[in-house]
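Visitor: I am new to this one. Could you walk me through it, step by step?

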Amino acid sequence: MITPPLLRLERVAVSYPARQYRGAAVKAAREVSLSLDEGQTLGLVGESGCGKSTLAKAICRLVSLSAGQIFFQGEDISRYNRRQERLFRQATQLVLQDPDASLNPRRRVGEILREPLRVHKIVPREQEEQEVDRLLTQIGLSADGKKRYPFAFSGGQRQRISIARALSVRPRLLICDEPVSSLDAFVQAGILRLLKTLQEERGFAVLLIAHGLNVVRYLADRLAVMYAGRIIEYGDTEDIFRQPGHPYTRALLDAQPVSSPARRRERPLLAVPGEDEATGDRGCAFFPRCPQARPFCQENVPPAPTGTERAVACFYPPA
């Protein structure tokens, strides 16, 4: 018997109502297909506004799908009953970019960590304090920190507390939406090492959403590149870094900061798209920015990757 992926998206689309955006409906995600196995890390990268966070919200059932299906352990999450919904919310946890927006400033850290333990009945009441201490120790903080409020900690420490809260319910999938982008490089490295260590110890899967490709390269087994709501390249992380197949992926790699001027690439960055960019259903959305676009690209949409094997959504991938 073949075990289904932990998470599978099939042609998922999400649109936002017209009244919120100058009278035109915004298609934030279009025909997205991805899969994520137990214990695996999938990186999702792309510019701001490409639909990455919308996809994370759709998986967590915080926004409704316009089309497509999302399967968790082989079951369509849209068909869950109340009990299944509760179990799914326990099994799928979200870590946001800004811990200040997700940690209640009026509650002590101990209360913040104790609440999910009690709601989901993770441990008996008499063991809650011991579990809170264990969680704090596991993320590199003193157990005495449970008596303090979030503002008493640094930004990196608050993000560690957010991770501890997410892991307190022992999830099978951790969705990290830009978890280190607001932190300096030194603190970022510490958070990434923590995530990697905890994943190795607990075996949960990770969907890592990020702008920085180096962040994704450190953690992700597989990589999906997103542009204008579509997945335009998918495959093994190291394969994509060694040989990017889409012009946009190449542009993202070229935009990475380098340690030495001698290593700086001479290829210019692509211009930022304007409001009139052709991101509709006709033609390749990247056509206005693509350095090797041809007339055929303007009228035809490249087939989207299925999220199971190496694929590039480009009619004329660079050699």
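What follows is a set of short questions and answers on this structure.

Visitor: What kind of model is this, and how many helices and strands does the protein have?
Guide: This is a predicted model. Its secondary structure comes as helices and strands, and the count is ten helices and eleven strands.

Visitor: What radius of gyration does the protein have, and what would a compact globule have?
Guide: The C-alpha trace spans about 70 × 50 × 45 Å along its principal axes. With 319 residues, a compact globule would have a radius near 20 Å. The protein agrees with that, at 21 Å.

Visitor: What share of the residues is buried?
Guide: Buried here means under 20% relative accessible area. Of the 319 residues in the protein, the buried ones make up 47%.

Visitor: What share of the contacts joins residues at least 24 apart?
Guide: Take the contacts between residues at least 6 apart in sequence. Those that join residues at least 24 apart make up 65%.

Visitor: What is the strand order in the open sheet of four strands?
Guide: The pairing in this sheet is antiparallel. Strands of a sheet pair through backbone hydrogen bonds. The order of the four is 2-1-4-5.

Visitor: Which strands stand at the edges?
Guide: An edge strand here has a single partner strand, so one of its sides is left without a neighbour in the sheet. That describes strand 2 and strand 5.

Visitor: Which helix packs on the sheet?
Guide: The helix touches strand 1, strand 2 and strand 4. Its direction makes about 115° with that of strand 1. It covers residues 52–59 and is helix 1.

Visitor: How many bridges join strand 1 to strand 2?
Guide: Strand 1 covers residues 7–16, and the two strands run antiparallel. Tyr 16 stands opposite Val 26, and Ser 15 stands opposite Lys 27. The number of bridges joining the strands is seven.

Visitor: How many residues of strand 2 are buried?
Guide: Strand 2 covers residues 26–36 and is mostly covered. Of its eleven residues, the buried ones number eight.

Visitor: Is Lys 27 buried, partly exposed or exposed?
Guide: Lys 27 is found in strand 2. It touches Val 14, Ser 15 and Asp 281, leaving aside residues up to four places away in sequence. Its relative accessible area is 37%, so Lys 27 is partly exposed.

Visitor: Which residue in strand 1 has a positive phi, and is it buried or exposed?
Guide: The residue is Arg 11, in strand 1. Its phi is near 50°, a positive value in a residue other than glycine. With a relative accessible area of 52%, Arg 11 is exposed.

Visitor: And Glu 178: is it buried or exposed?
Guide: Glu 178 also has a positive phi, near 50°. Its place is the loop between strand 7 and helix 6. Its relative accessible area is 6%, so Glu 178 is buried.

Visitor: How many residues of helix 5 are buried?
Guide: Helix 5 has 13 residues and reaches 19 Å from its first C-alpha to its last, close to the 18 Å expected. Its buried residues pack against strand 6, helix 3, helix 4, strand 7 and helix 6. Among them are Gly 156, Ile 161 and Leu 167. Helix 5 is largely enclosed by the rest of the structure, because its buried residues number ten.

Visitor: What is the relative accessibility of Gln 199?
Guide: Gln 199 is found in helix 6, residues 185–202. Its contacts beyond four places in sequence include Gly 39, Thr 41 and Phe 204. Gln 199 counts as buried, with a relative accessibility of 11%.

Visitor: How many disulfides does the structure hold?
Guide: A disulfide needs two cysteine sulfur atoms within 2.5 Å. The structure holds zero.

Visitor: How far is the sulfur of Cys 60 from the nearest cysteine sulfur?
Guide: Cys 60 is buried, with a relative accessible area of 7%. The nearest cysteine sulfur is that of Cys 176. The distance is 11 Å.

Visitor: Why is there no bond between Cys 284 and Cys 297?
Guide: Cys 284 is buried, at 15% relative accessible area. Its closest cysteine sulfur is in Cys 297. The two sulfurs are too far apart for a bond, at 6.2 Å.

Technical notes:
Residues numbered from 1 in each chain as written. Predicted model: local features only at pLDDT ≥ 70, side-chain atom pairs only at ≥ 80, totals over all residues. Heavy atoms only, no water. Buried < 20%, exposed > 50% of the residue type's maximum accessible area, 1.4 Å probe, protein only. Pairing = 2+ DSSP bridges. Contact = heavy atoms within 4.5 Å. Expected span 1.5 Å × (residues − 1). Axes fitted to C-alpha atoms, helices over the stretch in contact; angles between N-to-C directions. Rg over C-alpha atoms; globule rule 2.2 N^0.38 Å.
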